[in-house]
Amino acid sequence: MYQGKKIVQPPFLKEGDKVALVSPAYWVPQEAIQLAADTIRRWGLLPVIGPHTNNLNVNAYAGTADERAADLLWAFENDQIKAIVCSRGGYGSIHLLNRILTDCYRQHPKWMIGHGDITILLYAIASAGMMCIHGPMAFQIAGMQEPATSLARSILFGTVPQYQIAGNPYNQCGHAEGVLIGGNLSSYSAVAGTKYHLTPKQDIILFIEEVEESLHAIDRLFYMLRLQIDFEKVKGIIFGTFNSIKYDLQFGSVEQMLVAHLYDLDIPICCGFPVGSDSCIPMIEGAPCSLDVTTEKAVLTFNIDGTRQPYTIEKADQQMLRVIDM
């Protein structure tokens, strides 16, 4: 595990670089893979499809656990490949954790992009001390979902966004600095507190999102996090999207419930950030960043190398980020 060494920022891409498309979890139709490859080609990059990406088996996985791990390992160890795009999430990423040594990530630094169930792998990568991108996957890139795909492309080529979003009534004001970590709550809570973790000295800014869960399940998962990780190191929290939620507790929203449970923390809290299973504004995990929350707005700044580009997330952007749930 990463024990305090300087975190690795993978090199940015240049035109003509190779990008691998792999499926660490569920299978996605080959047509979507090919459409994603076409989009990546239009970006000026050369897509390369993993050998087992289309190996659908009876459990909806893209091949066996060994095959999926072999594809991911192939993509990392092939130094001609400069970035990795996951095809989709679903379930299955956890099968790969003990099949890939975390040293592999730092030894072959390159950007990997995914979200949802891929949160598990992103967490392992960030915990190993390398940055990665919580962002759109192949099936979303295939549909050229904007602005998420354009922002992901910009990051790969070296333009780092500084996000600004309008205020939210459940926000808590303040300033925080730390390493950005998190993702899908169900996936993140499965590995938080295990051997896959950041150094205990590391301050973090936590972001979470969820889809198709009940309020009581989200409540339980969040309390698990309170028990699993040292919340004294959590300097700020970003709540993303919570979609298709079953309201089986007496709260008007997920944010209302979670903020109520954080009454003991005097930290900035940003609600309504469009990051999640159907809102794929890319986030640079493992990156040092700062979060500034006022009554009028929240600003997330990534403090890494690259060309800084302010980006205001408008309501229209959030509407455009709706995608078909896969």
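So, to start us off: in β4, which residue is the bridge partner of Ile84? Keep that one in mind for a minute. One caveat before we go on: this is a predicted model.

Okay, the big sheet of strands you see on screen. Well, let me just say it plainly: eight strands make an open sheet with mixed pairing. Reading across, the order is β10-β9-β8-β7-β14-β15-β6-β16. At the edges sit β10, residues 269-271, and β16, residues 307-313, and each of those pairs on one side only. Going from one strand to the next, the twist averages 25°.

Now zoom in on one pair from that sheet. β7 covers residues 174-184, β8 covers 204-211, and the two run parallel, joined by six bridges. If you want a spot to click on, try Gly182, which stands opposite Phe207 in β8.

Over by β16, there's a helix to look at. That's α6, residues 148-156, and it lies across β6 (159-166) and β16. Relative to β6, helix α6 runs at about 140°.

Right, back to where we came in, with β3, residues 81-86. This strand is mostly covered, with five of its six residues buried. It has parallel partners: five bridges join β3 to β1, which is residues 18-22, and three bridges join β3 to β4, residues 111-114. With β1, you can find Val19 standing opposite Ala83 in β3. And with β4, here's what I promised you: Ile84 has Met112 as its bridge partner.

That's my tour, happy to rotate the model if anyone wants another look.

Definitions and conventions:
Residues numbered from 1 in each chain as written. Predicted model: local features only at pLDDT ≥ 70, side-chain atom pairs only at ≥ 80, totals over all residues. Heavy atoms only, no water. Pairing = 2+ DSSP bridges. Helix = DSSP H or I, 4+ residues; strand = E, 2+ residues; numbered from the N terminus. Axes fitted to C-alpha atoms, helices over the stretch in contact; angles between N-to-C directions. Contact = heavy atoms within 4.5 Å. Buried < 20%, exposed > 50% of the residue type's maximum accessible area, 1.4 Å probe, protein only.
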